[in-house]
Amino acid sequence: MDTYDKAKAARVWQRVQGAVATNPTQGLPGLIAEEWTDAAIYLALSRRVPGNGGMILKKIGQEEQAHMACLKGIYTLQGTGRPDIPSPPPVERAPVGVMLRRCYGREMRCLAQYEARANDPEYGQIFARMAQQEREHCRQILELLGSLPQDK
């Protein structure tokens, strides 16, 4: 039976994460577009969900807009200019539960990207903070999903 070499596994993960950290602008346009899309969806959903749920969704949408602005700032500081990001598509008019399930998946993808960049020497703290906020968004989405009325 093969034994698990923790040191070797740590070196492999360090190389994987280091590849992202050496070029933090790699993939930033995609992340910017993802955050812009998420912000639009959350803000649209906030108008459809009454009460506290709507306020939570509005706050998440505003935080996604802030993530987008931070990512644009990083992209700009790297000397690559302003990213050319197309406007997000119109928000689909699907049931709130369906939309929240999709949002959860996108939050998890962004979280993984931010965690992978958290060791970047220049922007690591920013990526770590955004990862922390994405984890909180995931928790809030699950809470909202759990409080939705049962579909009939």
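1. Helices, written α in the pattern below, are DSSP runs of H or I at least four residues in length, and they are numbered from the N terminus. With that in mind, the protein chain reads along its sequence as α-α-α-α-α, a pattern made of five helices and zero strands. The model is a predicted one, and the remarks that follow should be read as a description of that prediction.

2. On the chain as a whole, 38% of the 152 residues count as buried, while the accessible surface comes to about 9,300 Å², with 55% of that surface belonging to carbon and sulfur atoms. Among contacts between residues at least 6 apart in sequence, 77% join residues that are at least 24 apart.

3. Helix α4 deserves a paragraph of its own. It has 22 residues, and the distance from its first C-alpha to its last is 31 Å, which is close to the 32 Å expected at 1.5 Å a residue. The residues of α4 that are buried include V96, L100, C103, C110, L111 and Y114, and charged residues such as R106, E107 and R117 are also on the list of buried positions in α4.

4. The nonpolar interior can be considered next, and here a general tendency is useful: in soluble globular proteins, nonpolar side chains tend to be buried together. The largest nonpolar core in this model has 15 residues, and those with the most contacts inside it are L28, L31, L71, Y114 and F127. Helices α2, α3, α4 and α5 each supply at least two residues of this core, and α3 gives the most, with four residues. A second core, separate from the one just described, has 14 residues, including I41, I60, V96 and L100.

5. What does L28 touch, once residues up to four places away in sequence are not counted? The list consists of L71, I74, Y75, R117 and F127. Two of these partners, L71 and F127, are named with L28 among the residues that have the most contacts inside the largest core.

6. Turning to charge, side chains of opposite charge can pair when their charged atoms come close. A search of the whole structure finds seven salt bridges, and one of the pairs found in this model is R109 with E34, whose side chains meet at 3.4 Å, N to O. This pair links distant parts of the chain, with R109 in helix α4 (residues 96-117) and E34 in helix α2 (residues 28-48), 75 residues apart. R109 is partly exposed, with a relative accessible area of 48%, and E34 is partly exposed as well, with a value of 21%.

7. A salt bridge is also formed by the side chains of R102 and E92, at 2.5 Å, N to O. R102 lies in helix α4 and E92 in the loop between α3 and α4, so the pair ties together parts that are ten residues apart in sequence. R102 is partly exposed, with a relative accessible area of 38%, and E92 is partly exposed at 43%.

8. In helix α5 (residues 124-147), E136 and R139 are three residues apart and thus separated by about one helical turn. These two residues form a salt bridge in which the closest N and O atoms are 2.6 Å apart, and E136, R139 and E143 are linked in a network of salt bridges. The relative accessibility is 33% for E136 and 40% for R139, and each of these values falls in the partly exposed range, which lies between the buried limit of under 20% and the exposed limit of over 50%.

9. Is E63, a residue of helix α3, buried or exposed? E63 is buried because its relative accessible area is 16%, and buried means under 20%. The side chains of E63 and H137 are joined by a polar contact of 2.5 Å, and E63 touches Q133 and H137 when residues up to four places away in sequence are not counted.

10. Finally, A118 has its place in the loop between α4 and α5, where it is partly exposed, with a relative accessible area of 25%. Leaving aside neighbours within four places in sequence, A118 is in contact with G124, F127 and A128. A118 and M130 are twelve residues apart in sequence, and their C-alpha atoms are 9.3 Å apart in space.

Terms used. Residues numbered from 1 in each chain as written. Predicted model: local features only at pLDDT ≥ 70, side-chain atom pairs only at ≥ 80, totals over all residues. Heavy atoms only, no water. Salt bridge = Lys/Arg side-chain N within 4 Å of Asp/Glu carboxyl O. Buried < 20%, exposed > 50% of the residue type's maximum accessible area, 1.4 Å probe, protein only. Contact = heavy atoms within 4.5 Å. Areas by Shrake-Rupley, 256 points an atom, 1.4 Å probe, with all protein chains shown as cover. Core = buried A, V, L, I, M, F, W, Y, C linked by side-chain atoms within 4.5 Å. Expected span 1.5 Å × (residues − 1). Polar contact = N/O pair within 3.5 Å; in protein donor to acceptor, adjacent residues only side chain to side chain.
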